[in-house]
Amino acid sequence: MDKVKMHTTDFTDENISKLAEIFPNCVTEVKDEKGHLKKSIDFDLLRQELSDHIVEGPTERYRLDWPGKKEALLAANRPIAKALRPQREESVNFDTTQNLFIEGDNLDALKLLQESYLGKVKMIYIDPPYNTGNDFIYKDNFAQTTEEYLVDSSQKNGSGERLVANTDSNGRFHSDWCSMMYSRLKVARNLLRDDGVVVIHIDEHEHSNVQKLLDELFGSHNCIGTIVWDKRNPKGDAKGIACQHELIIFYCRNKATFQESCRLKIPKENAHNMLEKVKSLMAVEGMVTEKVRKEYKIWLKRQSFSEGEKAYCYIDNSGKVYRPVSMAWPNKKKAPSDYFIPLVHPDTKKECPVPTRGWRYTPTSIQKLLENDLVLFGKNETTQPTRKYLLSENMHENFASLLYYGGSDDKLLSKLGIFFETPKPIDIAKKIIASICKGNEIVCDFFSGSATTAHAAMQLNAEDGGNRKFIMVQIPEKCTEDSEAFKNGYKTIAEIGKERIRRAGAKIKKENPDIADKLDTGFRAFKIDSSNMNKVHYYPHEYTPELFKSGVFSKNIKDDRSPEDLVFHVMLDWGVPFDLPIVKKDISGREVFFVGDGELAMCFASEGEVTKDFAKDLLEHGPLLRLVFRDAGFKDDCALGNVRAVFKCLSPQTEMRVI
């Protein structure tokens, strides 16, 4: 019984809860005046979140620390001046696809996606580079001020220079790896929906650190478990215990919201085959016979199915496959009194034994089970009745914490002409994605590698009719010259991933001709590059006569940037998803881009081509919510004012901006 509160709301606790939602890493544990632990706010970290420089704090706390953590936080929060440039020639079905492949540093990519995909991603699924002493990781530049970073980030070409070897002789072996993961996970969290999930493959080297990172960034209460993947292949170079497993960690953005929409169920792998076997045996006999039951049990015993699947070894008179399950009250305490009503045996008409602690179902529920022939009685009243669990109604099962899979995708990739060392098996990826991401939800992998996640999403869509969308991000890490990939013409890992999606997509469509036109196996390719805008802001000492003579101030857009570059620049700036359709039209001799269903229109005409007459022509093509022109498109401020007046009068809902 809830008691009436005898006090007003504790706003301190309420405020801590609100801050925990926005900055879960700032919530820690401290001792109160009685020595008891309680939740509190780490104000140094909170100040760090709201600051563009390092904040020091000496107080001891329960948390994971390492050299460079505050710099990693700065890296996560620091703005960048970069652009996502579309690559039509590298894309597949550019105009119609809803999938993305981004080539470049994933920290930059995650920041660039913040506005357009804020709270839109259902699942982040990554297999980051393991910290083994040989793998390459990302080396971020923490030594700059915000202003210096903004200047430099518009100059860099994002061609992968940040990759460095993190050898175990490095004094910051774990610290550099933790910093790399911390900044990326922190930014990635913002992309997740409230019911979204992050899933991370990791080995024994950094498992404990990743767990602590996720506890801090997502909150330990949002952990939904860890899967131990037995790869059936112990490491041969181990100096101690030879590990033959990896770990797959699951964390929610909001556990309560996630559990309302997802139960982490996966299909029983062999359920369909079991039902088909019974059908074939019945077809021979014409009905359910003892011979059918016997042959089914013999067949089932010979299969390498799980024990849970083999438990469905019975067939009822109507041909339904089932397993018996106890109907006893599951708790240690006794059930309520009305849960002790005995069941009457249908043949002897005598009462059957009642479980010691009562039934697990209400009398009403038991009555429904009886009416649906889902209660199993013994030969006489001396046997306690059990429930009949039908396989056809239990085709899915909980995702167990142990996963046994020892195969590889080497043959699959070889047939596709793709060469990649230790790819993540598509069967594992499919299991995990299918348990979380359904319908038209988005899965994002910002350590794309060979693009197994994209392949798995496309394959699942073909199998279950879904329309999952993917966002892949991969830095253009160079393939070593002695690798099979390099020998077969692949210069970077990003090239491998894109080509795999192309070939896997074509194969999936060929294997599913009936639904090929409904399958989205394309992707819009982008490369991270310097900003589309010219550098027009300088430090005082840089303003020289030569600078003014150079003409740099006469135009703010770089010469090598196309109108399509600017389209995505505006979409990014306005937070419009990149998967919306884009249509180009000629209106009064000007090129106009329309995004979505009137959500956004853009015209980058220059030299005074944007006039009030053109504005009126533009409005004849439907209502416009948002509109962007190039600043140089107006002859002068008067022309700009006239165009604004047209929209204010004829389309007051239109929001107009200039670039």
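This talk goes through a predicted model of one protein chain, from the whole chain to one helix and two arginines.

Good morning. I shall begin with the chain as a whole. The protein chain has 659 residues, and 49% of them are buried. Its secondary structure amounts to 21 helices and 25 strands. The surface that the chain exposes comes to about 33800 Å², of which carbon and sulfur atoms supply 51%. Consider next how the contacts are distributed along the sequence. If we take contacts between residues at least 6 apart in sequence, 72% of them join residues at least 24 apart.

Let us now turn to helix 10, which runs over residues 290–302. Does its length agree or disagree with what its residue count predicts? With 13 residues at 1.5 Å a residue, helix 10 should span 18 Å, and its end C-alpha atoms lie 19 Å apart, so the two values agree.

Which residues of helix 10 are buried? They are Val-292, Arg-293, Tyr-296, Trp-299 and Leu-300. These residues cover an arc of only 130 degrees around the axis, and therefore they sit on the same side of helix 10. On the other side, Glu-290, Lys-294, Lys-301 and Arg-302 are exposed. What do the buried residues pack against? Their partners are helix 9 (271–285), helix 11 (307–310), strand 12 (314–315) and strand 13 (321–325).

I now come to the first arginine, Arg-85, which belongs to strand 3, residues 82–86. Is Arg-85 buried or exposed? Its relative accessible area is 16%; since the limit for buried is under 20%, Arg-85 counts as buried. The side chain of Arg-85 makes a polar contact, at 3.1 Å, with the side chain of Asp-529. Beyond its neighbours within four places in sequence, Arg-85 is in contact with several residues, among them Phe-526, Asn-532, Asp-560 and Asp-565.

The second arginine is Arg-657, located in strand 25, residues 655–658. With a relative accessible area of 31%, Arg-657 is partly exposed, because that class lies between 20% and 50%. Setting aside residues up to four places away in sequence, Arg-657 touches Asp-573, Trp-574, Leu-627, Val-628 and Phe-629. How far apart are the C-alpha atoms of Arg-657 and Val-570? They are separated by 9.8 Å, although the two residues are 87 residues apart along the chain.

To close, I return to the two arginines: Arg-85 is buried, whereas Arg-657 is partly exposed. Thank you for your attention.

Conventions:
Residues numbered from 1 in each chain as written. Predicted model: local features only at pLDDT ≥ 70, side-chain atom pairs only at ≥ 80, totals over all residues. Heavy atoms only, no water. Helix = DSSP H or I, 4+ residues; strand = E, 2+ residues; numbered from the N terminus. Buried < 20%, exposed > 50% of the residue type's maximum accessible area, 1.4 Å probe, protein only. Contact = heavy atoms within 4.5 Å. Areas by Shrake-Rupley, 256 points an atom, 1.4 Å probe, with all protein chains shown as cover. Expected span 1.5 Å × (residues − 1). Arc of directions from axis to C-beta. Polar contact = N/O pair within 3.5 Å; in protein donor to acceptor, adjacent residues only side chain to side chain.
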